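Dear colleague,

Please find below the structure I promised to hand over, followed by a summary of what was found in it. I would be grateful if you could read the summary with the structure open beside it.

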Amino acid sequence: MPCSPVTLSIATIAAVISVALLSIAFSTDNWVRISVDRNALQLNLTQMRNRATQRGETLDPELENLEADNNILAFTRTKGLFRICFPEQRPKGADLYRSPVETYCKNIDYYLSGESTGHFSENTMSWLHMGRSMIAMFIIAFFFNFIAFWTGVAGCWRRSPGNITATALLMLLSCLFSAGGMGLWHGVEFFEREKLTDPEFYKQWPEMLQHASHYDYDWSYMIAWIGVGWALMASILFSGAAICLRNEREKEEALNMQYLMPVYPQKQQYAYGYAYPGPYYPGTQPYPPYNY
């Protein structure tokens, strides 16, 4: 059985799975889950307040702020590429909106609308550029997927090894750009936890809040890496399908050559001369003698 139809079918399925997974991951808000144990946080705050009262002191205003209902850092939340959402309790009075999946969210600001960034530190600017580049890398990957769809359709329709090879290259580029976007996402996360010193980032949180918060990679992050893997698999399978198509075409051409026999003009040699027979007389031959 020819290998090209089977390989093309599996490659197409792999490409569809890759695009679906990357699209879901790109548009959802569950890359990281930051779980905050509010009960433990409240208990620690109460104990610290009692000790401060016994000493005749007041609690640090930064710690008092952790009890505020509009402090988003004290609530369990999930974070995606574009939004921070609150799947459980939501901070009251915060500027939130309802997302398409019925959770309350706030947008991550990449400062794309012309706001001034001159006052940002060097680390903050690096974080901002990595975040913007991450989004651009994923968009370019989707663009390569769009082109690969049309080259793949043309290649299957025409059974063209060249078109299928182009599809394999486009899927490989999509895989590389998606992986690059994932790498930049890890860079953004590293800066947020280890480099940035703005109040909303981890290093500037009160130690009590750091101990009460727990970071976990969530399902959007996982399916994004799975989608990258499927894109690589689709590229390899399309390459194999192109090789199969090329080999099958060469076999067909070799088989057809067996039936294409050369035809040369032939010169016929006639052994007998032809003449009109004369009248017949008794005792004579009915035909003239042979003409050698």
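Ile 34 stands opposite Arg 77, a residue of strand E2. Please note that the model is a predicted one. The pairing behind this contact is that of strand E1 (residues 32–36) with E2 (residues 77–79), antiparallel and over three bridges. E1 is also joined to strand E6 (residues 213–217), again in the antiparallel sense, by five bridges. In that pairing, Val 36 stands opposite Ser 213 of E6.

These pairings belong to an open sheet of six strands, whose order is E4-E5-E3-E2-E1-E6 and whose pairing is antiparallel. Strand E4 (97–98) and E6 are the edge strands, each of them pairing on one side only.

The two faces of E1 deserve a separate remark. In a regular strand, side chains alternate between the two faces of the sheet. In E1, Val 32, Ile 34 and Val 36 make up a covered face, while Arg 33 and Ser 35 make up an uncovered one.

Elsewhere in the sheet, Tyr 104 lies in strand E5 (residues 104–107). Is Tyr 104 buried or exposed? Its relative accessible area is 21%, and buried requires a value under 20%, so Tyr 104 counts as partly exposed. Tyr 104 and Pro 87 are separated by 17 residues in sequence, and their C-alpha atoms are 7.2 Å apart in space.

Turning to the interior, the largest nonpolar core comprises 61 residues, and Trp 31, Leu 41, Leu 81 and Phe 238 have the most contacts inside it. Elements that give two or more residues to this core include helix H1 (3–27), helix H2 (38–54), strand E3 (83–86) and helix H6 (207–212), as well as E1, H4 and H5. Helix H7 (219–257) is also among them, and H7 gives the most, with 10 residues. As general background, nonpolar side chains in soluble globular proteins tend to be buried together.

Finally, there is the packing of two helices. The axes of H4 (residues 122–158) and H5 (residues 161–195) come within 7 Å of each other and cross at roughly 165°. Angles over 145 degrees count as roughly antiparallel, and H4 and H5 are therefore roughly antiparallel to each other. Their crossing is left-handed. The residues of the contact between H4 and H5 comprise 22 nonpolar, 15 polar and three charged.

With kind regards

Methods:
Residues are numbered from 1 along each chain as its sequence is written. This is a predicted model: local features need pLDDT of at least 70, side-chain atom pairs count only at pLDDT 80 or more; totals for chains, interfaces and linings use all residues. Side-chain values use heavy atoms; hydrogens and water are left out. Axes are lines fitted to C-alpha atoms, for helices over the stretch in contact, and angles run from 0 to 180 degrees between N-to-C directions. Helices (H or I, at least four residues) and strands (E, at least two) are DSSP runs, numbered from the N terminus. Angles under 35 degrees count as roughly parallel, over 145 as roughly antiparallel, 65 to 115 as roughly perpendicular and the rest as oblique. A crossing is left-handed if the near helix is turned anticlockwise from the far one by less than a right angle, and right-handed if clockwise. Ala, Val, Leu, Ile, Met, Phe, Trp, Tyr, Cys and Pro count as nonpolar, Asp, Glu, Lys and Arg as charged, and the others, Gly among them, as polar. A nonpolar core is a set of buried Ala, Val, Leu, Ile, Met, Phe, Trp, Tyr and Cys residues joined through side-chain atoms within 4.5 Å. Buried means under 20% relative accessible area, exposed over 50%, partly exposed in between (1.4 Å probe, protein chains only). Two strands pair if DSSP finds at least two bridges between them.
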